[in-house]
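Colleague: I have just opened this model and would like a short tour. Could we begin with one of the helices?

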Amino acid sequence: MRVLGIDPGLLCTGYAYLDVPNPASLDGITIVESGCFVFRKNASIPSRLLELEHDLRELIDRLNPGIACVETLFAHPAYPKAALTVAHARGVALMTLQRFGVEIEELPPAEIKRALTGSGRASKQQMQRSAAALLKLPAIPEPADVADAMAIALAGARRSNITTA
């Protein structure tokens, strides 16, 4: 099974495309491709969204994923504006995936954390270390958005195994 994980954002959207031969144990996983689409901070929101759609279309066209995983929206009470900006990018990601007919799995943040660390309250650093360990990487992937996309893809692979088992 190949799984595309997307961590949407308006400054950086991380992605990770993983080959997961055994979703039950997540053994033997390889990274097919990963990276981050970076957008100009001074560009307007509409222009960044258009650029995100273009980048995602190229990525989907090149990789032809069967399933993509995207984190559900999380709004931290201390940073409500952050959720609004992420929602824009998340909407473009979902729309683009849908247009290409890619199966979409939406995962809550707590489920992603639980799938990788066993705790739904894991810190960002714990998540990044867990993703690096599961993928047998020598270091935590940078930027953090790439590590997050890897975590989303790994959690999606686990969920996919549960729903198909």
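Modeller: This is a predicted model. In α3, the buried residues are Pro 109, Ile 112, Ala 115 and Leu 116.

Colleague: Why are they on the same side of α3?

Modeller: They lie on the same side of α3 because their arc around the axis is only 130°. In general, an α-helix has 3.6 residues a turn, so residues three or four places apart point the same way.

Colleague: What does Gly 118 do just after α3?

Modeller: Gly 118 takes a positive phi there, of about 90°.

Colleague: Back to the interior: how many residues has the largest nonpolar core?

Modeller: That core has 25 residues, and those with the most contacts inside it include Ile 112, Leu 116 and Ile 29. Elements giving two or more residues to this core are β2, β4, α3, α4 and α5. The largest share, nine residues, comes from α5.

Colleague: And which residues does Ile 29 touch?

Modeller: Leaving aside residues up to four places away in sequence, Ile 29 touches Leu 18, Asp 19, Val 20, Pro 21, Leu 135 and Leu 154.

Colleague: What does the second core include?

Modeller: The second core is separate and has 21 residues, among them Tyr 17, Leu 59, Leu 63 and Ala 89.

Colleague: A new topic: where is Gly 91?

Modeller: Gly 91 sits in helix α2, which spans residues 80-99. Its relative accessibility is 35%, so Gly 91 counts as partly exposed.

Colleague: What separates the C-alpha atoms of Gly 91 and Ala 151?

Modeller: Those C-alpha atoms are separated by 20 Å, and the two residues are 60 residues apart along the chain.

Methods:
Residues numbered from 1 in each chain as written. Predicted model: local features only at pLDDT ≥ 70, side-chain atom pairs only at ≥ 80, totals over all residues. Heavy atoms only, no water. Core = buried A, V, L, I, M, F, W, Y, C linked by side-chain atoms within 4.5 Å. Buried < 20%, exposed > 50% of the residue type's maximum accessible area, 1.4 Å probe, protein only. Helix = DSSP H or I, 4+ residues; strand = E, 2+ residues; numbered from the N terminus. Contact = heavy atoms within 4.5 Å. Arc of directions from axis to C-beta.
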